[in-house]
Amino acid sequence: DLKTYWLALPVSERAAFATRCGTSLSHLKNVAYGKLCGEALAIAIDRESGGVVRCESLRPDVDFPYLRSNLQAA
């Protein structure tokens, strides 16, 4: 989950991770501790974590598995 990933990141790397995700350090920390994030940020976190934190875990209300399966079929 994002909180586990976040806490494992060295403090010195957290701001850079947030920047790569297109958000602020404080917002990403809020998301790590349970605040809902937008779909675009969920995708960015998935991408920037190398798939360790899946967007499905951040936004279980969005049908990301459907999108993934359609991309693989194309």
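Which residues does F64 touch, not counting residues up to four places away in sequence? Let's start there and work through the rest of this predicted model.

## F64 and its surroundings

F64 sits in helix α6, which covers residues 64-73. Setting aside residues up to four places away in sequence, F64 touches E39, I43, C55, E56 and R59. The cut-off for buried is under 20% relative accessible area. F64 has a relative accessible area of 4%, so F64 is buried.

There's also a distance to look at here. F64 and R54 are ten residues apart along the chain, and their C-alpha atoms are separated by 9.5 Å.

## Where α2 meets α4

Now for a pair of helices. Helix α2 takes in residues 11-21 and helix α4 takes in residues 39-48; their axes come within 9 Å and cross at roughly 125°. Because of that angle, α2 is oblique to α4. The crossing of α2 past α4 is right-handed.

Which residues do the meeting? From α2 come F17, R20 and C21, and from α4 come L41, A44, I45, R47 and E48. Sort the residues of this contact by type and you get five nonpolar, three charged and no polar ones.

## The largest nonpolar core

The largest nonpolar core has 20 residues, and the ones touching the most other members are L2, F17, L28, V31, I45 and L58. At least two core residues come from each of α1 (2-8), α2, α3 (25-32), α4 and α5 (55-58). The top contributor is α4, with four residues.

Take L2 from that list of well-connected members. If you skip residues up to four places away in sequence, L2 touches L28, V31, A32, I45, V53 and L58.

## A closer look at α4

Helix α4 has turned up in both the α2 contact and the core. What are its buried residues? They are L41, A42, A44, I45 and D46. Of these, L41, A44 and I45 are also among the α4 residues that meet α2.

Just after α4 you'll find G50, which takes a positive phi of about 70°.

## T23 in the loop

One more residue to visit: T23, in the loop between α2 and α3. Is T23 buried or exposed? Its relative accessibility is 18%, so T23 counts as buried, given that the cut-off is under 20%.

As for its partners, leave aside the neighbours within four places in sequence and T23 is in contact with A18, L28 and L41. You've met two of these already: L28 touches L2, and L41 is part of the contact between α2 and α4.

Technical notes. Residues are numbered from 1 along each chain as its sequence is written. This is a predicted model: local features need pLDDT of at least 70, side-chain atom pairs count only at pLDDT 80 or more; totals for chains, interfaces and linings use all residues. Side-chain values use heavy atoms; hydrogens and water are left out. Axes are lines fitted to C-alpha atoms, for helices over the stretch in contact, and angles run from 0 to 180 degrees between N-to-C directions. Angles under 35 degrees count as roughly parallel, over 145 as roughly antiparallel, 65 to 115 as roughly perpendicular and the rest as oblique. A crossing is left-handed if the near helix is turned anticlockwise from the far one by less than a right angle, and right-handed if clockwise. Contact means heavy atoms within 4.5 Å. Ala, Val, Leu, Ile, Met, Phe, Trp, Tyr, Cys and Pro count as nonpolar, Asp, Glu, Lys and Arg as charged, and the others, Gly among them, as polar. A nonpolar core is a set of buried Ala, Val, Leu, Ile, Met, Phe, Trp, Tyr and Cys residues joined through side-chain atoms within 4.5 Å. Buried means under 20% relative accessible area, exposed over 50%, partly exposed in between (1.4 Å probe, protein chains only).
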